[in-house]
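Trainee: I'd like a close look at a single part of this one. Could you walk me through the second largest pocket and what lines it?

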Amino acid sequence: MRDIRKARFGLVAALVALAAAACTSGGSPTSNANSNAPQTITWWHNGTAAPLLGIWQQVANDYHAAHPNVTIKVDPIQNEQFTTKVPLALQSNDPPDIFQQWGGGQEATQLQSGKLANLGQFVSPWIGELGKAAQAWQVNGQQYGIPYDLHVVGFWYRKDLFAKAGITTPPTTIPELESDNAKLKAHGIAPIGLGGQAQWPDAFWWEYFAVRECSTSVIQQGMTASNMSAPCFSKATKDLTAFLATNPFEPGFNAVEAQSSPTSSAGMLANGKVAMELQGDWEPGEAKGDTTDKSIDSKLGWFAFPAVPGGQGDPSSVLGGGDGWSCTTGAAEPACAQFLQYIDSTEVQKQLVTQASIGLPANPAAESAITSPAVKAAAQAHDTAAYVAVYFDQALPTNPGLALDAAIANFFAGKGSNSAIINSVSSSSGH
Amino acid sequence: MTVLSAARVRGPADTAARRRAWITRPGTYLVILLVVAITLVPMLYLILSGFRTTGQLGSNPNGLPHPWVWSNYASILESAVFWQAVLNSAIIAVVATALAMVLGSMAAFALSRYTFRGREGLFLLFTAGLLFPLNTAALPLFLMLQKIGMNDNLFGVALPEAAFSLPVTIVILRPFMRAIPGELEDAATVDGATRIRFFVRILLPLARPALITVGILAFVTSWNTYLLPLIVLSTPSHFTLPLAVAMFQSQYSTDTARVFAYTSLSMLPALSIFVFAQRYLVGGLVGAIRG
Amino acid sequence: MARTESTRNRGPGGLAAGPEIISGPAAAGAPPKQRSARRKRIELAILLGPPLILFIGFVFVPMIFAIWYSLYNWNGYGPLSDFIGLQNYQGVLTGPVFHQALLHNIIIAVLSVVIQLPISIGLALLLNRRMRGQTALRLAVFTPYVLSQATSAVMWSMLLSHGGPVDSLLKSAGLAALIHFWLASTSLVLYTLFFVVTWQFIGFGIVLLLAGLQGIPPELREAAAIDGATAWQVTRRIMLPLLGPTIRIWIFLAVIGSLQLFDIVWIMTLGGPANASQTMLTYLYFNGAERTQFGYGATVSVVLFIISFVFALAYQRYALRRDTAGALTRAVG
């Protein structure tokens with residue numbers, strides 16, 4: 001009698017222990033055998049303001065309606081706070097299940113935390129639909145992140161101001177751009193807006209010259225090895241120096257913010273104080289908020305960064321990036337991957353394009369929803385580009401990437417040098 | 001007349017009237033006007049900008065509200081998030097201030113009116129805390145708070161804030177407490193009071209201006225602290241005001257007009273406390289006098 | 001009666017006038033009872049225990065950890081494994097940008113004492129008088145201090161933008177020649193930031209100095225006036241010396257604050273253009289936090305700490321000693 005009771009007790013105890021272990025284990029993704037068990041996924045996104053704020057919440061609600069066992073806990077986090085919160089979260093024992101991921105070298109660095117989930121096995125059926133763009137969220141060929149929108153950098157220009165200065169077609173080469181600048185100045189219009197305070201807009205210029213001067217493989221190698229000693233990079237600096245000598249930017253550009261302020265360079269474009277700006281596809285949305293001109297959308301046009309005579313890069317190559325997500329390791333990986341698939345589904349992507357003005361959807365099938373001709377032109381350039389170079393401060397790991405931005409900004413302020421720029425990305429420098 | 005022997009002055013004969021005249025001299029008025037202009041005009045810009053849209057601010061940064069946009073202030077005052085943030089900020093600030101004042105005055109008392117070995121070293125230790133900005137302590141503090149389970153907890157913000165306010169509090173309070181004559185304490189002892197009682201009943205009331213000062217400083221510091229609540233708090237319903245304002249800033253744009261409206265409103269509690277408390281900084285004497 | 005007089009001398013204002021007055025009533029009353037050493041220890045434990053626990057727990061311990069990080073090359077991910085000893089210190093101390101940053105902090109500190117202090121004292125003296133609108137005036141001057149540095153920075157960025165409100169104001173006042181690139185010019189930007197910092201922190205000085213003035217008996221002033229002193233002489237010979245200890249605290253806190261200047265600079269200029277407004281903390285934040293070199297960042301904080309500590313020690317010894325020297329009021333044991 002006693003032995004049976006002891007055995008039964010032992011069995012129950014063992015079962016309890018096993019169940020407890022299964023419930024609390026943050027371990028392997030396959031431990032959760034019952035995929036219908038209720039799950040809560042925490043989601044960190046940067047859409048703190050309307051319309052994205054409401055849209056993401058809607059996406060979460062809709063997904064929950066379709067999958068009642070999955071609850072999404074939405075945590076909007078202000079964009080600048082990500083640099084602080086993500087490393088802390090990845091250090092802690094309770095990171096969010098999904099967080100915003102911009103890919104490239106930053107993602108590679110985050111991988112060192114050991115908390116980024118390899119989504120390859122979950123997304124392989126559908127990741128091909130996203131095309132080459134998804135590669136920017138791979139590290140060593142493994143998919144640790146998924147994009148939800150893409151970005152391309154190009155010239156946003158005021159068609160009305162161009163017309164006023166007598167410019168009939170946008171420039172296709174740098175010399176043409178320079179002569180157009182002269183025409184604009186002759187009519188009292190500051191040609192190009194630049195948000196020098198933020199540093200990364202300066203970097204767009206230098207990087208585009210590099211993309212024009214250097215072949216695709218040289219750039220790729222440079223990013224992978226954090227090494228820009230190839231001569232074409234120095235040529236880019238030379239091109240930039242010559243261009244800067246023509247004084248193309250608004251006065252005091254060193255202190256002008258790029259966005260997030262009514263007196264930013266985007267605001268200047270919106271209010272007609274400058275005729276064009278080299279910026280990402282978010283520019284129209286940003287500009288709209290900085291002006292009372294309701295017709296600003298129809299006044300903006302887009303053209304690609306002009307060709308540089310003698311450059312070895314393909315003139316159709318573009319500088320770009322995008323926004324995406326990463327999942328953290330744990331029991332929620334499959335559910336996380338499924339949710340990300342939902343965000344990249346054509347319906348949701350079209351919703352993002354039309355209601356949130358995200359620019360370029362990660363899912364090419366949703367591009368038909370783009371109505372603005374200017375954004376369409378940008379999307380077209382992105383799709384037909386020979387090479388989409390991710391902005392260097394994103395392609396490189398964070399440390400050399402930011403050092404590069406700072407070195408280029410110093411150069412724009414007249415206090416830098418080519419060697420400072422080239423050497424900024426080597427690991428022991430930039431202090 | 002011994003009082004003045006150290007401050008004996010000579011000069012042309014003067015009357016009290018002439019002394020009063022200083023205040024009415026036009027020069028003084030000009031100074032006051034200039035000071036008020038420089039301090040208040042930017043604040044007015046801030047407050048009035050809340051009555052415009054961000055688009056208006058971009059199109060015409062130098063203009064006045066026209067038309068007056070009420071929706072910024074209205075929507076903020078109607079939002080539960082704002083009031084929740086006010087409550088959170090208030091709870092944290094009150095706790096942090098109370099702790100800093102109580103513990104700070106205790107420590108300042110010990111460091112100013114007791115002699116013991118290591119006293120100056122201890123004071124230097126507290127002063128050292130002043131030299132260590134919160135920014136750099138953020139990461140280890142976060143990990144520590146997580147270990148003791150104080151993450152996402154209002155007290156997890158209030159306690160470190162109080163701790164970081166201790167150095168300033170002690171540095172300010174110590175000389176004020178030191179200046180109170182020892183004879184007062186002797187007299188209190190003769191009357192049968194313990195030193196602690198002297199501390200509570202006599203010293204603290206006498207040090208009131210200094211206490212008010214450190215209280216105001218601690219409150220305002222806590223009210224505006226951004227980094228500490230950022231790393232400690234994760235649930236939006238726990239957010240403080242500086243964190244809540246970030247909801248008007250997205251990746252590519254900021255609703256600056258809204259931010260200005262929000263900040264203008266956020267200042268009101270701290271300003272009210274100042275108006276209330278500064279009465280104790282009146283020129284002249286208040287306070288219990290024994291004997 | 002004697003005791004009443006002595007109670008009037010509370011506050012640092014009472015310090016200088018101390019000896020003459022207390023020498024009177026000291027004779028009154030019996031000598032203090034013998035205190036047991038044990039009693040004193042208990043009292044000290046009660047008084048110092050809780051503050052110390054709070055301080056050591058939340059300030060000192062993280063400090064020690066941060067110092068520990070400075071010996072490593074660590075990007076915040078994974079364990080602390082790349083021990084590099086003093087290499088970070090070498091990088092910091094030989095870095096030209098850090099030297100620039102340090103210089104900027106020193107300039108701000110010096111300017112604070114030379115410019116902000118007289119303004120604060122003047123205003124405090126003014127606001128100490130009972131006059132109509134005293135509360136309103138104090139409120140006006142204090143309000144910028146209540147504003148968060150972040151909002152202040154955003155607001156002034158807009159005000160100082162090229163062609164913005166400040167430039168427009170100057171133009172309409174006929175002072176267009178004074179218009180400069182307030183934030184874009186590498187030679188001006190630091191001083192523009194100093195102006196914004198001054199605007200923000202005047203309120204702090206006012207509150208502190210008012211507290212100090214509170215302890216100066218008006219009878220002193222009146223007696224001096226009866227003696228034939230002008231208002232200026234009263235200020236110079238009585239108020240300022242009695243305000244001395246408070247002023248010295250202000251200087252101490254202002255210098256430390258100058259060394260730790262961060263928010264306003266970061267938001268308005270990011271330390272630029274071209275490091276022209278870099279401070280030690282913006283340098284720390286960019287190189288330590290943003291570039292995820294947490295070990296390097298910790299190193300900067302240690303160096304900053306040492307610099308501040310040296311100043312604090314020297315200041316304690318030469319300036320503040322006078323104020324807490326036992327000669328004036330004795331600590332009772």
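Mentor: Let's go through that pocket, then the backbone around it, and finish with a contact elsewhere. Keep in mind that this is a predicted model.

The second largest pocket has a volume of about 1,200 Å³. It is lined by 50 residues, and those closest to its centre are A:Ala49, A:Ala50, A:Pro51, B:Ser250 and B:Ser253. From chain A, helix 2 (52-66), strand 6 (146-158) and helix 12 (283-289) each supply at least two lining residues. From chain B, helix 4 (54-59), helix 5 (71-78), helix 6 (80-113) and helix 15 (256-277) each do so too. If you want one element to start from, pick helix 6 of chain B: with five residues, it gives the largest share of the lining. As for chemistry, the lining divides into 21 nonpolar, 21 polar and eight charged residues.

Now go back to the centre of the pocket, where A:Ala50 and A:Pro51 are among the closest residues. A cis peptide bond joins those two, with omega at about 0°. A:Pro51 sits in the loop between strand 1 (39-45) and helix 2 of chain A, and helix 2 is one of the elements that supply the lining. For background, most peptide bonds are trans, and most residues other than glycine have a negative phi.

Chain A also has a spot that goes against the phi trend. A:Ser260 has a phi near 65°, a positive value in a residue other than glycine. You'll find A:Ser260 in the loop between helix 10 (231-244) and helix 11 (265-270) of chain A.

There is another cis bond in chain C, joining C:Gly272 and C:Pro273, with omega at about -10°. C:Pro273 lies in the loop between helix 12 and helix 13 of chain C, which takes us to the contact with chain A. Chain C and chain A each put 30 residues into that contact. Together they bury about 2,500 Å², with 55% of it on carbon and sulfur atoms. The count of salt bridges between the two chains is zero, while seven residue pairs are in polar contact across the interface. On the chain C side, helix 7 (149-159), helix 12 (263-269) and helix 13 (280-290) are the elements that give two or more residues. Helix 13 of chain C gives the largest share, five residues. By class, that side has 16 nonpolar, twelve polar and two charged residues.

Methods. Residues are numbered from 1 along each chain as its sequence is written. Chains are lettered from A and ligands numbered from 1 in the order in which they are written. This is a predicted model: local features need pLDDT of at least 70, side-chain atom pairs count only at pLDDT 80 or more; totals for chains, interfaces and linings use all residues. Side-chain values use heavy atoms; hydrogens and water are left out. Contact means heavy atoms within 4.5 Å. Buried area is the accessible area (1.4 Å probe) that two parts lose on being put together, summed over both. A salt bridge is a side-chain nitrogen of Lys or Arg within 4 Å of a carboxyl oxygen of Asp or Glu. A polar contact is a pair of N or O atoms within 3.5 Å; within protein, one must be able to donate a hydrogen and the other to accept it, and residues adjacent in sequence count only if both atoms are side-chain atoms. Helices (H or I, at least four residues) and strands (E, at least two) are DSSP runs, numbered from the N terminus. Ala, Val, Leu, Ile, Met, Phe, Trp, Tyr, Cys and Pro count as nonpolar, Asp, Glu, Lys and Arg as charged, and the others, Gly among them, as polar. On a 1 Å grid over the protein atoms alone, a cavity is a set of points where a 1.4 Å probe fits but cannot get out, and a pocket is an open set with protein on both sides within 12 Å along at least five of seven lines; lining residues have an atom within 4 Å of a point. Grid points are joined across faces, edges and corners, and a volume is the space filled by probe spheres set on the points.
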